[in-house]
Amino acid sequence: MTDIDYSIFSRQSINPDKISTLRYDFLLSSFNSSDRVSTAFELIAADVKIWIKHPEYQYDVGDIEGGTFTFTGSSSSESEIDFWRRFFDDKRWATDMLDARICVDITGMMRSHIMVLPMMFHTHGIRQVDFIYSDPVAYSSGIDTTFTRGAVEHVSQVPGYEGQHNTAPNTKDILIIGAGYDDRLIRAAAQARASADQYVLMALPSLQPHMYQESQVRLQKASESIHNYRNRSFLYAPASNPFMTAQVLSDHVKMVRGNDSDSNVYLSPVGVKTQVLGFAWFFLCECRDSATSIIFPYAPTYERETSRGIARLHIFRLELDFIV
């Protein structure tokens with residue numbers, strides 16, 4: 001694994017009244033009914049604004065208003081890589097993105113798409129992209145907020161994030177779950193690698209002071225599925241900084257692997273989307289072509305609106321030349 005100091009990467013936070021000062025050539029955002037998604041999409045200045053339509057939200061094309069273009073997923077069974085391949089092949093914008101200033105709002109985006117997108121930008125020769133995320137003032141139902149609808153259909157490796165795992169007897173498996181409010185996703189991830197040494201990464205400081213306590217209560221609901229839950233050391237990284245999430249993962253994976261580089265590591269980010277980005281960034285910078293994978297519990301549908309207001313907007317600049 002490559003040693004990287006993740007503090008070198010640029011990030012900043014702005015108040016909602018400064019959102020209109022942001023200026024890009026392209027803005028990509030996933031359509032849902034959250035005010036923090038629609039407000040950022042409206043206020044950020046961009047020559048081209050593209051709504052991404054995820055099948056999991058179950059919108060009709062006619063439900064989507066504004067923007068220059070809408071790009072639609074064909075079905076929930078389409079892989080993330082195939083989705084973004086179609087996007088980058090789209091002649092409406094594909095030839096214009098190479099040297100453009102690009103902004104991606106991950107606030108409403110499906111987590112698995114957040115993971116795959118930096119890799120796809122890199123594949124298509126784009127060297128720098130700003131990813132943004134808007135903190136909610138609160139989640140709409142507080143501690144009872146539900147993000148997914150329906151049972152988890154399967155837990156599988158995220159396309160492009162499949163590791164070269166070792167199958168020899170006595171090979172150690174390690175699972176790190178990035179936890180949030182959705183106890184069903186946490187439970188599914190833990191059960192998928194039930195025999196692994198399991199660790200839970202929590203968002204602390206959280207997006208809002210009360211959210212850490214709420215996520216702890218939700219995590220407790222999945223505790224019976226987490227191996228050695230009460231005696232397991234937790235990991236912590238700030239909810240608003242994906243680069244610190246990547247640093248915590250990097251340090252912990254090196255420690256638990258020790259001299260045994262053949263250990264299989266499975267990462268499963270099911271919490272706040274800024275940390276999902278951090279998991280993906282760690283993998284892309286250090287873990288490709290290693291015995292490390294990102295696994296994800298896939299649910300059929302997601303709630304369209306789960307939050308109230310915008311507290312802060314965070315901007316993370318991904319320098320894609322760092323991808324190994």
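Here are legends for a handful of close-ups of this predicted model.

**View 1. An open, seven-stranded sheet with mixed pairing.** Reading across the sheet, the strands come in the order β1-β17-β6-β5-β2-β3-β4. At the edges stand β1 (11–14) and β4 (69–72); each has a single partner strand, so one side of each is left without a neighbour in the sheet. From one strand to the next, the twist averages 25 degrees.

**View 2. Where β2 meets β5, and a helix that packs on the sheet.** Strands β2 (residues 23–30) and β5 (residues 102–105) run parallel and are joined by four bridges. To pick out one residue in this stretch, look for serine 29, whose bridge partner in β5 is aspartate 105. Helix α3 (residues 111–123) packs on the sheet and touches β5, β6 (128–134) and β17 (313–319). If you care about orientation, the direction of α3 makes about 160 degrees with that of β6.

**View 3. Phenylalanine 71 and its ring partners.** The count of aromatic pairs comes to 24. One of them is phenylalanine 71 with phenylalanine 87, an edge-to-face pair at 5.4 Å centre to centre, with 90 degrees between the planes. This pair links distant parts of the chain: phenylalanine 71 belongs to strand β4 and phenylalanine 87 to helix α2 (residues 80–89), 16 residues apart. Phenylalanine 71 has 3% relative accessibility, so it counts as buried; phenylalanine 87, at 0%, counts as buried too. Phenylalanine 71 also pairs with tryptophan 93: the ring centres are 6.1 Å apart and the planes sit at 75 degrees, so this pair is edge-to-face as well. Here the chain separation is 22 residues, with tryptophan 93 in the loop between α2 and β5. Both phenylalanine 71 and tryptophan 93 are buried.

**View 4. Zooming out to the aromatic cluster.** Phe71, Phe87 and Trp93 belong to one aromatic cluster, whose other members are Phe69, Phe83, Trp84, Phe88, Phe121 and Phe131. One of these rings has a charged visitor: arginine 86 lies over the face of phenylalanine 83, at 6.0 Å from the ring centre.

**View 5. Another arginine over a ring, this time at tyrosine 266.** The charged end of arginine 193 sits over the ring of tyrosine 266, and the distance to the ring centre is 4.1 Å.

**View 6. A cis peptide bond in a loop.** Most peptide bonds are trans. The bond from leucine 204 to proline 205 is cis, though, with omega near -5 degrees. You'll find proline 205 in the loop between β11 (197–203) and α5 (209–221).

**View 7. Two residues with positive phi, glutamine 58 and asparagine 170.** Most residues other than glycine have a negative phi. Glutamine 58 has a positive one, near 60 degrees, and is found in the loop between β3 (45–53) and β4. Its relative accessibility is 44%, so glutamine 58 counts as partly exposed. Asparagine 170 has phi near 70 degrees, again a positive value, and lies in the loop between β9 (154–157) and β10 (173–178). With 82% relative accessibility, asparagine 170 counts as exposed.

Technical notes: Residues are numbered from 1 along each chain as its sequence is written. This is a predicted model: local features need pLDDT of at least 70, side-chain atom pairs count only at pLDDT 80 or more; totals for chains, interfaces and linings use all residues. Side-chain values use heavy atoms; hydrogens and water are left out. Two strands pair if DSSP finds at least two bridges between them. Helices (H or I, at least four residues) and strands (E, at least two) are DSSP runs, numbered from the N terminus. Axes are lines fitted to C-alpha atoms, for helices over the stretch in contact, and angles run from 0 to 180 degrees between N-to-C directions. Contact means heavy atoms within 4.5 Å. Rings of Phe, Tyr and Trp (its six-membered ring) pair if their centres lie within 6.5 Å; planes under 30 degrees apart count as stacked, over 60 as edge-to-face and the rest as tilted. Buried means under 20% relative accessible area, exposed over 50%, partly exposed in between (1.4 Å probe, protein chains only). A charge sits over a ring if NZ of Lys or CZ of Arg is within 6 Å of the ring centre and within 35 degrees of the ring normal.
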